Number of protein chains: 2
Amino acid sequence: MHQVLKIGEAAKKAGLAPSAIRYYEDSGVLPEPGRTDSGYRGYEEGDVDLIRFVARLRALEFPLSDVREIVALRRDGKAPCEKVRETISNEAAAIESRIADLQRLRQELEILEAEARDLPDTWPTACVCDVVDPAGKRG
Amino acid sequence: MHQVLKIGEAAKKAGLAPSAIRYYEDSGVLPEPGRTDSGYRGYEEGDVDLIRFVARLRALEFPLSDVREIVALRRDGKAPCEKVRETISNEAAAIESRIADLQRLRQELEILEAEARDLPDTWPTACVCDVVDPAGKRG
DNA sequence: CCTTGACCTTCAAGCGACTCGAAGGTTTAA
DNA sequence: TTAAACCTTCGAGTCGCTTGAAGGTCAAGG
């Protein structure tokens, strides 16, 4: 009735690599699943749901430590809602700030790219390096 | 005349940690500097310029392997211009695509944040988890 | 029956770009 | 003279996995 999946099939359903699932197990995020007689991991429907949930949190780039805590709360029958909300807002802030950093970098790189196009390569007299680091003197 | 700086002072001038400079040296990005009688690294003006240049490239998030190649070209008296331009454009593309990813994530998180605000925490009946992973059934 | 190939297992090591800690040596100022 | 603030090396830790080696299992095809 309720079929048991091997790690490769479970991984496919969750959009993860088998090695990632093993890693989550090793690092205490996912519980140890059952085993077949020959020692293969066997995932039941609920297990696969949990893996999918973890995959989803990781796709949102939640730190694995937070994912571990959230999964632990669920396992203990406690509501992870507060922790989830907290992590959502932390993660949103982190991403916001990373986007700002990258946009600054992108702008810098655009300027450098444009300036580099116009510069003849008469190294060591004139060089893109002067554009990249105008303060540095080449040796 | 030309003063020699210890690693901490050189690091400060370049906006790096001393440990980062040692790491660049170990990993073949920066050449080994001179040493004082007591074994301290001693950086001359040109050395500091090179460290500053490397710091600048890293601030633009160039991969260290590319920085290593660029520095090697300079050391060999060759124009690193082409490599620099290439790396600028690779890096610009990588950042562009990372920004796009993060903007998608940000949007998702904003939606989740809003939905989570409205949801009562009647675990295990209704929960932020349902919002995060609507397809997953909680156990 | 045997082989082939696609799975699965464990364990160790590698990636990138560093940082941190331990255990010790040096220099400078009070 | 002694304390603080440097410096040295070396090894291990971070994060989130992936990759590889060496082997076990299982279903299909010849």
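**Two protein chains and two DNA strands: a walk through the model**

Read along its sequence, chain A follows the pattern α-α-β-β-α-α-α-α, where helices (H or I, at least four residues) and strands (E, at least two) are DSSP runs, numbered from the N terminus. That comes to six helices and two strands for chain A. Before I go on, please keep in mind that this is a predicted model, in which local features need pLDDT of at least 70 and side-chain atom pairs count only at pLDDT 80 or more, while totals for chains, interfaces and linings use all residues. Residues are numbered from 1 along each chain as its sequence is written, and chains are lettered from A and ligands numbered from 1 in the order in which they are written.

Let me begin with the overall form of chain A. Its C-alpha atoms fill a box of roughly 75 × 40 × 25 Å, taken along the principal axes. The radius of gyration of chain A, taken over C-alpha atoms, is 24 Å, well over the 14 Å that the globule rule gives for 139 residues, so chain A is more spread out than a compact globule; the rule itself is 2.2 Å times the number of residues to the power 0.38. Of the 139 residues of chain A, 30% count as buried, and here a residue is buried if 20 or more other C-beta atoms lie within 10 Å of its own, exposed if 12 or fewer, and partly exposed in between, with C-beta atoms placed from the backbone.

Now to the two chains together. Chain B can be laid on chain A with an RMSD of 0.1 Å by a turn of 180 degrees and a shift of 0.0 Å along the axis, the superposition being by least squares on the C-alpha atoms of residues with pLDDT of at least 70 in both copies. The two copies are thus related as by a two-fold rotation axis. Of the residues of chain B, Ile99(B) comes closest to that axis, with its C-alpha at 3.0 Å.

How many residues does each chain bring to the contact? Chain B gives 42 residues and chain A gives 42 residues, where two residues are in contact if their C-beta atoms, placed from the backbone, lie within 7 Å. On the side of chain B that touches chain A, the elements giving two or more residues are α3 (45-59), α5 and α6 of chain B, and α5(B) gives the most, with 21 residues. That side of chain B divides into 22 nonpolar, five polar and 15 charged residues; Ala, Val, Leu, Ile, Met, Phe, Trp, Tyr, Cys and Pro count as nonpolar, Asp, Glu, Lys and Arg as charged, and the others, Gly among them, as polar. Because 100% of the interface residues of chain B are also interface residues in chain A, the copies meet through the same surface.

Next, the interior. A nonpolar core is a set of buried Ala, Val, Leu, Ile, Met, Phe, Trp, Tyr and Cys residues joined through C-beta atoms within 7 Å. The largest one has 33 residues, and those with the most contacts inside it are Ala10(A), Ile21(A), Ile51(A), Val54(A) and Val128(B). At least two residues of this core come from each of α1 (7-14), α2 (18-26), α3 (45-59), α4 (64-75) and α5 (81-118) of chain A, and likewise from each of α5 (81-118) and α6 (128-132) of chain B. Its largest share, six residues, comes from α3(A). Apart from this core lies another, of 32 residues, including Ala116(A), Cys129(A), Ala10(B) and Ile95(B).

Finally, the DNA. Around strand C there are 20 residues, of which Gly8(A), Arg41(A), Ser19(B), Ser38(B) and Leu64(B) come nearest, a residue being near a strand if its C-beta atom, placed from the backbone, lies within 6 Å of it. The surface near DNA strand C divides into eight nonpolar, six polar and six charged residues. Around DNA strand D there are 20 residues, and those that come nearest are Ser19(A), Ser38(A), Leu64(A), Gly8(B) and Arg41(B). By class, the surface near strand D has eight nonpolar, six polar and six charged residues.

One last detail of the backbone: phi of Glu61(A) is near 65 degrees, a positive value in a residue other than glycine. Most residues other than glycine have a negative phi. Glu61(A) is placed in the loop between α3 and α4 of chain A, and with 14 C-beta neighbours inside 10 Å it counts as partly exposed.
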